[in-house]
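Here are a few exercises to work through with the model open in your viewer. Try each task on your own before you read its solution.

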Amino acid sequence: MKTVIPYTPPFFKEDGFNCPFCHAFAKQVWGFPVRVVERSNYGKDENFAICRCDRCGEFSIWIDQKLVHPPSLTSPLPNPDIPKNIRLDIEEARAILSNSPRGASALLRLAIQKLCAFLGEKGKNINDDVSALVKKGLPIKVQQALDIVRVVGNNSVHPGQIDITDDMETANALFELVNLIADAMITQPKHVEELYKTVVPKTQREAISKRDNS
């Protein structure tokens, strides 16, 4: 059965993460060029670094421990089974993540609310919606993870609302969580249905349907 592929965002001086170019998890090799201005050599400076992906060979550039090249779409890609209008919110969150983790987090909470509505819930209260989804098969661990980042619970932040305490870690957790919800409630059931139709002969499926509806 399909599962969500783990994602490790690029992080300064880490020796392995998902490459911002090829998106594969790969070994990363770091270098710190010397600063040369005309004939003056100012030596190495860890505030300026170059990192080469061992898989695709592309070089990322880091200044003051932040990824500046390529444009830092460093979060996981949205699950392709997520409806297009919700994926647009997620893509916008990916585009602003580096400059505004708080803005990205607000968009992602909104995306979670929309996803709950798409899955048949009211789409007004994430806490109530997620609780209902747990009864329909959403793993309880996902609900617990949502509680950790204050999406639900007594100290919840409302969808679309910016929280000054949100940071990069919160945003990355929300990216993972929206994909986990989609995987559990859309992708995996879709895969099971496709497998059922492929493996079980039509005559047996009709007999099973007749049995279940009798």
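**Exercise 1. Gln-65 and its surroundings**

Task: Is Gln-65 buried, partly exposed or exposed, and what is its relative accessible area?

Solution: Gln-65 comes out as partly exposed, because its relative accessible area is 49% and the cut-offs are under 20% for buried, over 50% for exposed and partly exposed in between (1.4 Å probe, protein chains only). Before going on, note that this is a predicted model, where local features need pLDDT of at least 70, side-chain atom pairs count only at pLDDT 80 or more, and totals for chains, interfaces and linings use all residues. Residues are numbered from 1 along each chain as its sequence is written, and side-chain values use heavy atoms, with hydrogens and water left out.

Next, place the residue: Gln-65 sits in the loop between β6 (59-63) and β7. Helices (H or I, at least four residues) and strands (E, at least two) are DSSP runs, numbered from the N terminus. Now check the backbone: Gln-65 isn't a glycine, yet its phi is positive, at about 70°. For background, most residues other than glycine have a negative phi.

Then look at the hairpin that β6 and β7 form, with 2 residues between them; Asp-64 in the turn also has a positive phi, of about 55°. β6 and β7 run antiparallel and are joined by 3 bridges; pairing requires DSSP to find at least two bridges between the strands. Ile-63 faces Lys-66 in β7.

**Exercise 2. The sheet**

Task: In what order do the strands of the open sheet come, and which of them stand at the edges?

Solution: Start with the order, which is β1-β2-β5-β6-β7, 5 strands with antiparallel pairing. The edges are β1 (16-18) and β7 (66-69): each has a single partner strand, so one side of each is left without a neighbour in the sheet. On average, neighbouring strands here are turned by 45° against each other, direction ignored; the axes are lines fitted to C-alpha atoms, for helices over the stretch in contact, and angles run from 0 to 180 degrees between N-to-C directions.

Now walk inward from β1. It's joined to β2 (residues 25-31) by 3 antiparallel bridges. Gly-16 has Lys-27 as its bridge partner in β2, and Asn-18 stands opposite Phe-25. The β1-β2 hairpin has 6 residues between its strands, and His-23 takes a positive phi near 70° there.

One step further, β2 pairs with β5 (residues 48-53) over 4 bridges, again in the antiparallel sense. Here Gln-28 is partnered by Cys-53.

**Exercise 3. Unusual backbone spots**

Task: Where is the cis peptide bond, and which residue in the loop between β3 and β4 has a positive phi?

Solution: Take the peptide bond first. His-69 and Pro-70 are joined in cis, with omega about 5°, and Pro-70 lies in the loop between β7 and α1 (84-96). In general, most peptide bonds are trans.

For the second part, go to the loop between β3 (34-37) and β4 (40-44), where you'll find Glu-38. Its phi is about 55°, although Glu-38 is not a glycine. Glu-38 counts as exposed, at 77% relative accessibility.

**Exercise 4. Pro-76 meets α5**

Task: How far apart are Pro-76 and Phe-175 in sequence and in space?

Solution: In sequence they're 99 residues apart; in space, C-alpha to C-alpha, the distance is 6.6 Å. Pro-76 belongs to the loop between β7 and α1 and is buried, at 7% relative accessible area. Leaving out residues up to four places away in sequence, Pro-76 touches Tyr-7, Arg-94, Phe-175, Glu-176 and Asn-179, with contact meaning heavy atoms within 4.5 Å.

Follow Asn-179 next. It's found in α5 (residues 168-199) and is buried, with a relative accessible area of 8%. Its side chain reaches the backbone oxygen of Leu-77 at 3.0 Å. That is a polar contact: a pair of N or O atoms within 3.5 Å, where within protein one must be able to donate a hydrogen and the other to accept it, and residues adjacent in sequence count only if both atoms are side-chain atoms.
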